[in-house]
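Work through the exercises below with the model open beside you. Try each task before reading its solution.

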Protein chains: 2
Amino acid sequence: MAIQIYGFWRSIASFRVRVALKLKGLAFEEIPIDILTGEQFEPDYAAVNAERVVPTFIHAGHTLFQSLAIIEYLDDIQPEPRLLPREPRERAYARSLALMTVADAHPLLVPRVRNHLAKTFGADAQAIEDWGKHWTNEGLATYERVLAGRAPAPFALGGEPGLADICIAGHVVGAQYVKLGLDAFPTVARLAEQCFALPAFATSHPLEQPGYKAAAAPH
Amino acid sequence: MAIQIYGFWRSIASFRVRVALKLKGLAFEEIPIDILTGEQFEPDYAAVNAERVVPTFIHAGHTLFQSLAIIEYLDDIQPEPRLLPREPRERAYARSLALMTVADAHPLLVPRVRNHLAKTFGADAQAIEDWGKHWTNEGLATYERVLAGRAPAPFALGGEPGLADICIAGHVVGAQYVKLGLDAFPTVARLAEQCFALPAFATSHPLEQPGYKAAAAPH
């Protein structure tokens with residue numbers, strides 16, 4: 001099936017969808033939308049995604065958005081390899097781990113929030129970085145506490161990587177953005193190391209995307 | 001089955017779980033955790049919920065958290081009445097509507113964020129209310145745009161209320177908190193009116209909870 005995603009190299013939600021597609025072995029084309037310059041608010045893109053966010057997932061003419069909804073959809077249409085376990089309590093555990101960053105930490109770290117802090121409270125670059133460090137650190141501490149109750153083996157739900165690992169790995173990418181080390185979070189660090197040893201994760205990393213490489217290249 | 005939830009009258013995530021349980025016809029006991037005074041950080045509760053948030057859902061000795069994971073779990077263990085449709089694209093649409101508030105708007109409005117704005121930027125009560133109004137308004141505008149593309153009939157996915165309606169109704173409760181009218185969002189307003197006409201929604205409203213009534217009663 002032909003799959004397209006509108007994404008952005010730096011977007012952690014785009015990272016999550018990239019990893020899920022690669023773990024499933026599904027080929028896709030990624031079309032860049034620069035959320036740092038506000039391309040998501042342009043009329044052409046707003047017609048694609050009424051929420052004006054990335055990623056947007058397009059499959060056979062049908063449009064989906066929200067990274068978690070997209071990943072669940074991939075599991076619904078192509079169950080193997082599974083990204084969520086079958087057993088209801090295990091599914092709930094996987095989803096709750098995902099939501100710790102998707103619904104609690106990551107929403108505080110996106111460009112529109114950083115821009116609003118600058119506009120409303122006159123936050124400068126340092127204050128915005130401190131804000132990012134604070135909430136990223138809170139998320140890491142939460143993961144460390146929760147994973148301490150059930151050690152990854154080696155992934156959060158067992159032997160195979162899935163939804164929870166994708167979201168935790170994305171949170172670790174966010175920690176790299178704000179230059180936060182993982183020394184205080186050894187369980188999270190080990191899990192992320194396991195993830196990024198896999199090509200699906202490593203090649204999906206924001207700093208491995210063509211958009212980043214083009215932006216970082218000398219002009 | 002005996003179900004307990006640790007919740008708080010004002011918590012919109014607790015509201016979502018209350019509605020889901022009532023739509024399923026599942027009896028439950030709610031144990032209050034006062035997140036305004038920080039009871040969620042006390043050692044006793046931290047042992048129940050390592051994330052230190054509400055709600056926590058307990059069923060047959062098993063603990064779950066994150067409202068969306070809990071609602072999906074309820075659908076997994078007791079499919080009727082369904083809160084998510086069966087068809088994959090429809091499921092994805094329901095989840096994406098839910099995540100617009102769960103993963104985008106609501107995380108910006110919770111007590112820990114308001115407290116951090118006060119501490120870090122010296123935000124006063126007015127500035128914090130303006131912050132809440134801004135993000136609540138953004139969420140309402142998003143819902144209005146998205147629902148304009150597919151009119152509720154009368155609920156977001158069709159004739160029966162489900163996950164998407166629960167989350168949109170919770171966002172409307174948040175609008176009431178910051179005294180934001182719905183005149184500019186007629187589709188959202190009609191959907192919320194349909195929801196709160198149902199006892200499962202009406203009796204789950206934060207201002208209908210014993211904790212609110214006790215706090216609001218003359219001393």
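The exercises cover domains, the chain interface, helix packing and unusual backbone geometry.

This is a predicted model: local features need pLDDT of at least 70, side-chain atom pairs count only at pLDDT 80 or more, and totals for chains, interfaces and linings use all residues. Residues are numbered from 1 along each chain as its sequence is written, and chains are lettered from A and ligands numbered from 1 in the order in which they are written.

**Exercise 1. Domains of chain A**

Task: find the domains of chain A and describe the side of domain 1 that touches domain 2.

Solution.
- Start with the bounds. Chain A splits into domain 1 (3-81) and domain 2 (88-202); such bounds come from an automatic or database domain assignment.
- Next, the separation. The C-alpha centres of domain 1 and domain 2 of chain A are 19 Å apart.
- Count the contact residues. Domain 1 of chain A gives 12 residues and domain 2 of chain A gives 14. Two residues are in contact if their C-beta atoms, placed from the backbone, lie within 7 Å.
- Locate them. On the domain 1 side, α1 (12-24) and α3 (67-77) of chain A are the elements that give two or more residues. Helices (H or I, at least four residues) and strands (E, at least two) are DSSP runs, numbered from the N terminus.
- Rank them. α1(A) supplies the largest share of that side, 7 residues.
- Classify them. The domain 1 side has 10 nonpolar, no polar and 2 charged residues. Ala, Val, Leu, Ile, Met, Phe, Trp, Tyr, Cys and Pro count as nonpolar, Asp, Glu, Lys and Arg as charged, and the others, Gly among them, as polar.

**Exercise 2. The interface and its symmetry**

Task: describe the side of chain B that touches chain A, then find the operation that superposes chain B on chain A.

Solution.
- Count. 36 residues of chain B contact 36 residues of chain A.
- Assign. At least two residues each come from β4 (62-65), α3 (67-77), α4 (88-105), α5 (111-121) and α6 (125-148) of chain B. The largest share, 11 residues, belongs to α4(B).
- Classify. The chain B side holds 20 nonpolar, 8 polar and 8 charged residues.
- Superpose. A rotation of 180° with 0.0 Å of shift along its axis puts chain B on chain A, with RMSD 0.0 Å. This is therefore the relation of a two-fold axis. The fit is by least squares on the C-alpha atoms of residues with pLDDT of at least 70 in both copies.
- Find the axis. B:A103 comes closest to it among the residues of chain B, at 2.1 Å (C-alpha).
- Check the surfaces. The same surface serves both copies, as 100% of the contact residues of chain B recur in chain A.

**Exercise 3. A helix pair across the interface**

Task: describe how α4(A) packs against α3(B).

Solution.
- Geometry. The axes come within 8 Å and cross at roughly 160°. Axes are lines fitted to C-alpha atoms, for helices over the stretch in contact, and angles run from 0 to 180 degrees between N-to-C directions.
- Orientation. α4(A) and α3(B) are therefore roughly antiparallel. Angles under 35 degrees count as roughly parallel, over 145 as roughly antiparallel, 65 to 115 as roughly perpendicular and the rest as oblique.
- Residues. α4(A) contributes residues including A:R91, A:R95 and A:L99. Among those from α3(B) are B:E72, B:Y73 and B:D76.
- Classes. The contact has 8 nonpolar, 1 polar and 4 charged residues.

**Exercise 4. A helix pair within chain A**

Task: describe how α4(A) packs against α7(A), residues 163-177.

Solution.
- Geometry. The angle is about 30°, and the axes are 7 Å apart.
- Orientation. α4(A) is therefore roughly parallel to α7(A).
- Residues. A:A94, A:L97 and A:A98 are among those from α4(A), and A:C167, A:I168 and A:G170 among those from α7(A).
- Classes. The contact divides into 9 nonpolar, 3 polar and no charged residues.

**Exercise 5. Backbone exceptions**

Task: which peptide bond into A:P81 is cis, and where does A:A60 lie?

Solution.
- Background. Most residues other than glycine have a negative phi, and most peptide bonds are trans.
- Omega. The bond from A:E80 to A:P81 is cis, with omega near -15°. A:P81 sits in the loop between α3 and α4 of chain A.
- Chain B. The bond from B:E80 to B:P81 is cis, with omega near -15°.
- Phi. A:A60 has a positive phi, near 55°, and is not a glycine. A:A60 lies in the loop between β3 (56-59) and β4 (62-65) of chain A.
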